[in-house]
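Thank you all for coming. I would like to walk you through one protein model this morning, going slowly for those who have not met it before.

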Amino acid sequence: MSRLTDFWKNFDVYNDDIVGKTSIAKQDYEMLKSQQLLVSQRDWNSDSTLFTIDLPSEPFVGDLDAPIYIMTLNPGAGDDEYENWENTTLQDLANNCVVQGETDYPFYYLNPVLIGTGGYDYWRNNRFWGLIKALSEYYNSEDIAIKKIANNVCDLELCAYRSSKWDVSPKIASKLSVVKAMKDFIVNVVVPGVIRGEKIFLVGRGREYFKSERFNYNGKIITFDDLETEFPDRVVFYHGQACRSMSFNPYGYAKSGGGGTLGGQVLLESLKKLP
């Protein structure tokens, strides 16, 4: 088990006077409260940039030993998120993922038992739509295509706390225990795996949190930002507005009938090569 799994197995949340058990770690709660960065359901709205304290944190979705990693900034909190998390099946699958339990769908938002939930619609029918279509044509089976993604792709949330929109300074976010734990995993597990040629890494928002990191590659020191140029076959950085939508549709498989992204194409080609 990785240090990241150990961190989340021992995750200790703060008990708030208003909502009771929160989703915020004890060591993060007071700082976030003093910065007025926390909100509960009674004050929440879809334009909020505050972290929700009464929705589950979600640090990663998928197998932490997967050959393909996606790095996103933090899980969202849409209009239907509170209703979504009333689903006990979703709760069970998310909890099983945190402890890395056995499952046919490690990327649990692709599990058909979650059809109808916001998370399933977001990942299955939005971000992975074109990738599933392309793989379904390649394998002549949608079921194989979905399981291929579910078993080989892991989404890493740099910050596990939910917000509708992100407006937290790197100076504050870098101090959060959940961010430190995920950075440790990315720096010590993901990037070395990329350098060894064992991992694919698609990077959305959050690269600024790794500016000070240095890695040894063939006797020379490289930065996090160097990964894209050193390993163009296995590292893709999304840029500009593409970071927000972070589409995984391969070329020619966007819903509009064209388009697609380099990240989606790398995912497609990488998944086709896996057994």
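**A walk through the model**

Let me begin just after helix α4, where Q100 takes a positive phi of about 60 degrees. Before going on, I should say that this is a predicted model, in which local features need pLDDT of at least 70 and side-chain atom pairs count only at pLDDT 80 or more, while totals for chains, interfaces and linings use all residues. Residues are numbered from 1 along each chain as its sequence is written, and side-chain values use heavy atoms, with hydrogens and water left out.

Helix α4 itself spans residues 88–98; helices here are DSSP runs of H or I with at least four residues, strands are runs of E with at least two, and both are numbered from the N terminus. Its buried residues are L90, L93, A94, C97 and V98, where buried means under 20% relative accessible area, exposed means over 50%, and partly exposed lies in between, with a 1.4 Å probe and protein chains only. These residues cover an arc of only 140 degrees around the axis, which puts them on the same side of α4; the arc is that of the directions from the helix axis to the C-beta atoms. On the face turned away from that buried side we find the exposed residues T88, D92 and N95. Among the elements covering the buried residues are α1 (3–9), β5 (60–61) and α3 (81–84), and the cover is judged by contact, meaning heavy atoms within 4.5 Å. At the N-terminal end, N87 caps the helix, with a side-chain oxygen 2.8 Å from the backbone nitrogen of T89.

Let me turn to the nonpolar core, which is a set of buried Ala, Val, Leu, Ile, Met, Phe, Trp, Tyr and Cys residues joined through side-chain atoms within 4.5 Å. The largest one has 93 residues, and those touching the most other members are F128, L156, I186, F201 and F224. Helix α9, residues 177–195, gives the most to this core, with 11 residues. If we set aside neighbours within four places in sequence, the contacts of F128 include I70, F107, W123, F248 and L267.

That last residue, L267, is one of the buried residues of helix α12, which runs over residues 262–273. From its first C-alpha to its last, α12 reaches 17 Å, close to the 16 Å expected for its 12 residues at 1.5 Å a residue; the expected span is 1.5 Å times one less than the number of residues. The buried residues of α12 pack against several elements, including α6 (129–139), α7 (142–152) and β8 (200–203).

What about disulfides, and how many are there? The count comes to 0, taking a disulfide as a pair of cysteine sulfur atoms within 2.5 Å. The sulfur of C159 is 16 Å from the closest cysteine sulfur, in C154, and this is too far for a bond. C243 is likewise in no disulfide, since the nearest cysteine sulfur, that of C159, is 17 Å away. C159 counts as buried at 1% relative accessibility, and C243 is buried too, at 12%.

I will finish with S23, found in strand β2, residues 20–25, and buried at 7% relative accessibility. Leaving out residues up to four places away in sequence, S23 touches, among others, F11, V13, D54 and Y161.

Technical notes
A polar contact is a pair of N or O atoms within 3.5 Å; within protein, one must be able to donate a hydrogen and the other to accept it, and residues adjacent in sequence count only if both atoms are side-chain atoms.
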